[in-house]
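Student: I would like to understand how the words we use for a protein model follow from the numbers behind them. Could we go through some of them slowly, with the model in view?

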Amino acid sequence: MGKLTLLVLDGFGIGAMDDCAAVKPEDAGANTYKHLRESVQLDIPVLYRLGLGMLADETGEPLAAYGRCNLAHYGADTFMGHQELMGSKPGIPAKRLMRELGPSIKRALEAAGYKVEHPVPKTTVLLVEEAVVVGDNLESQLGNIINVVGDLNRMPYENVVEIGKIVREQVDTSRVIVFGNEKTNIDIILSVIKEKHPGQWGVDSPKANVYGEGYKVTHLGYGVEFEKQFAYMAEQAGYPVYRIGKTADVIQAGGFSDPVVETKDVLAVYRRLYREREENAIFLVNVQETDLAGHKEDCAWYKGVLEETDRFLAAFIPELGDEDILIITADHGNDPTIGHSNHTREQTPLLVVGKSIPPVSIGTRSTMADIAATMAECIGIPAPEYGTSFWSDIRKPLRGGAEPARNDAKRNSEGKNMQLTFRITDENGVHARPATALVKMAKTFENTACFAEAHGKKVKMHSVLALLSLDLESGDTITLSAEGPEEGEALQALKDVIIKERLGELYE
């Protein structure tokens with residue numbers, strides 16, 4: 001196999017789920033993409049041509065396989081969304097505080113042999129072995145998460161995680177987050193315990209000096225077994241997995257991770273590793289600033305992040321190898337115009353890009369876990385615990401086209417390969433429809449490589465975006481060439497496509 005990438009545009013939804021009225025009524029009517037472009041002049045032509053136009057407006061001829069995913073996890077959550085993307089079906093969590101959960105957590109930890117005490121009178125937090133504080137998370141929605149914060153100078157991180165696992169067994173909240181840093185200590189951690197809402201006691205994490213260099217974190221989700229997820233299973237099968245951006249924090253795996261946040265850095269790290277690493281590498285990449293802009297209800301920031309990503313895709317997609325696959329999706333919505341600053345429960349776009357992937361509809365998937373099942377089948381490993389693969393739907397052969405009549409192709413001046421030159425007569429230049437037809441035809445000649453050249457740039461005709469990158473307008477000339485046992489037949493077939501599409505005329 002080639003390289004496989006999952007690119008998550010965090011919080012980029014395309015319309016409210018049908019169950020919003022029952023599950024999250026404040027999100028009824030949410031549509032991150034449409035409301036964003038109604039608020040600002042959004043320019044993301046690559047994503048639109050790949051299939052976003054068809055998904056949002058039922059217009060255009062997609063260049064990628066396209067569809068949409070429903071959320072199977074409850075609510076709209078980045079962590080749970082990524083667990084679903086990896087092939088889990090998280091349980092429906094409850095909202096609880098330590099004032100309710102503390103006694104059972106304390107009993108379970110003591111039964112396991114730990115010393116547990118209440119370090120601050122009249123609060124609900126617990127101190128374990130004078131090194132770990134268990135308390136309410138103060139940064140998420142009320143009752144969603146229990147934090148386990150460790151002084152890593154007093155206790156190794158692996159041991160803090162073991163305490164977190166015992167806590168996880170006792171609670172049904174969305175997450176238990178285990179984290180710590182050697183640059184802080186238990187005195188600092190205890191000094192920043194506070195009450196945010198009545199009865200909600202926990203560590204003020206930013207003031208505890210745990211973030212930044214040296215920060216370690218493990219997310220333990222409700223109903224989630226990472227050993228049955230795609231990333232872990234791929235690594236166990238010998239595939240190198242690279243987690244870049246938010247995926248480094250929320251997806252459990254043992255390989256490379258870089259929790260970089262700024263979009264330009266996320267994409268730069270991804271591109272560098274993509275160019276350097278093995279042919280069978282797997283990349284799990286998250287563009288987080290879209291989600292951050294949604295939380296800030298900042299349409300201008302959201303626009304800038306999407307447009308930066310779109311420009312990256314315009315340059316990057318032509319670099320994909322013959323067997324490489326790029327899957328673009330999201331984990332939930334985050335509509336900056338909805339009237340609140342939380343995630344929105346929306347369907348997510350699904351775009352699958354690759355030279356071997358036809359632009360077919362994948363339909364509406366019942367869960368984002370279908371992506372994990374598809375990636376597993378693609379690389380030949382067992383399926384994760386949840387999800388249905390659509391791999392067979394996007395591997396249909398693409399053949400067809402007009403029958404060649406005569407062979408007008410000639411050898412070039414150096415006699416190296418056959419070529420034909422055309423003047424573009426279509427007033428719109430070379431656009432998506434004829435480009436797609438040309439690439440489809442070129443791919444039918446499996447043993448012959450077809451090329452297009454204009455403005456001093458030459459590209460292989462196995463990618464529609466590569467062909468469009470020549471930026472051909474009416475009046476420009478394009479030279480098609482071929483190398484292989486069927487070069488004459490290939491060029492004649494490409495010429496017939498150009499004539500059928502009324503794209504241009506033979507230029508002598």
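**From values to words**

Tutor: Strand 1, residues 4-9, and strand 14 pair in the parallel sense, with 5 bridges between them. Please keep in mind that this is a predicted model.

Student: What makes strand 1 and strand 14 a pair?

Tutor: Two strands count as paired if at least two bridges are found between them, and strand 1 and strand 14 have 5 bridges, so the term applies. As one example of who faces whom, leucine 4 stands opposite isoleucine 325 in strand 14.

Student: How do you know that strand 14 and strand 15 pair, and in which sense?

Tutor: Here 3 bridges join strand 14 to strand 15, residues 348-353, and the sense is antiparallel; the cut-off is at least two bridges, so this is a pair as well. Within strand 15, valine 353 is the bridge partner of leucine 326. Strand 15 also pairs with strand 2, residues 65-69, over 5 bridges in the antiparallel sense, and there alanine 65 has valine 352 as its bridge partner.

Student: What is the order of the strands in the open sheet, and why is its pairing called mixed?

Tutor: The open sheet has 8 strands in the order 12-11-13-1-14-15-2-16. Strands of a sheet pair through backbone hydrogen bonds, either parallel or antiparallel. The pairing of strand 1 with strand 14 is parallel, while that of strand 14 with strand 15 is antiparallel, and the pairing of the sheet is accordingly described as mixed. The edge strands are strand 12 (257-258) and strand 16 (361-365), each of which pairs on one side only.

Student: Which residues lie on the two faces of strand 14, and are they buried or exposed?

Tutor: Ile325, Ile327 and Thr329 lie on one side and Leu326 and Ile328 on the other, and all of them are buried. Strand 14, residues 325-329, is therefore called mostly covered, with 5 of its 5 residues under the 20% cut-off for relative accessible area.

Student: Which residues touch the most other members of the largest nonpolar core?

Tutor: Among the 81 residues of that core, they are Leu50 and Ile328. Leaving aside neighbours within four places in sequence, isoleucine 328 is in contact with residues including Leu7, Leu47, Leu50, Leu313 and Val353. Another core, of 40 residues, lies apart from it, and Cys69, Met80, Val241 and Ile282 are among its members.

Student: Why does aspartate 324 have no salt bridge?

Tutor: The nearest side chain of opposite charge, lysine 3, is 5.5 Å away, whereas a salt bridge requires the charged atoms to be within 4 Å, so the term does not apply. Aspartate 324, which is found in the loop between helix 12 (299-316) and strand 14, is nevertheless buried.

Student: What makes the approach of the side chain of aspartate 324 to the backbone nitrogen of lysine 3 a polar contact?

Tutor: The distance is 2.7 Å, and the cut-off for such a pair of N or O atoms is 3.5 Å, so it qualifies on distance. The backbone nitrogen of glycine 321 also lies 2.8 Å from a polar atom of the side chain of aspartate 324.

Student: Why is asparagine 181 called buried?

Tutor: Its relative accessibility is 2%, and buried means under 20%, so asparagine 181 meets the condition. Asparagine 181 is found in strand 7, residues 175-181, and its side chain reaches the backbone oxygen of glutamate 213 at 3.0 Å. The backbone oxygen of valine 210 lies 2.9 Å from a polar atom of that side chain.

Conventions:
Residues numbered from 1 in each chain as written. Predicted model: local features only at pLDDT ≥ 70, side-chain atom pairs only at ≥ 80, totals over all residues. Heavy atoms only, no water. Buried < 20%, exposed > 50% of the residue type's maximum accessible area, 1.4 Å probe, protein only. Helix = DSSP H or I, 4+ residues; strand = E, 2+ residues; numbered from the N terminus. Core = buried A, V, L, I, M, F, W, Y, C linked by side-chain atoms within 4.5 Å. Contact = heavy atoms within 4.5 Å. Lys, Arg positive; Asp, Glu negative; His and termini not counted. Polar contact = N/O pair within 3.5 Å; in protein donor to acceptor, adjacent residues only side chain to side chain.
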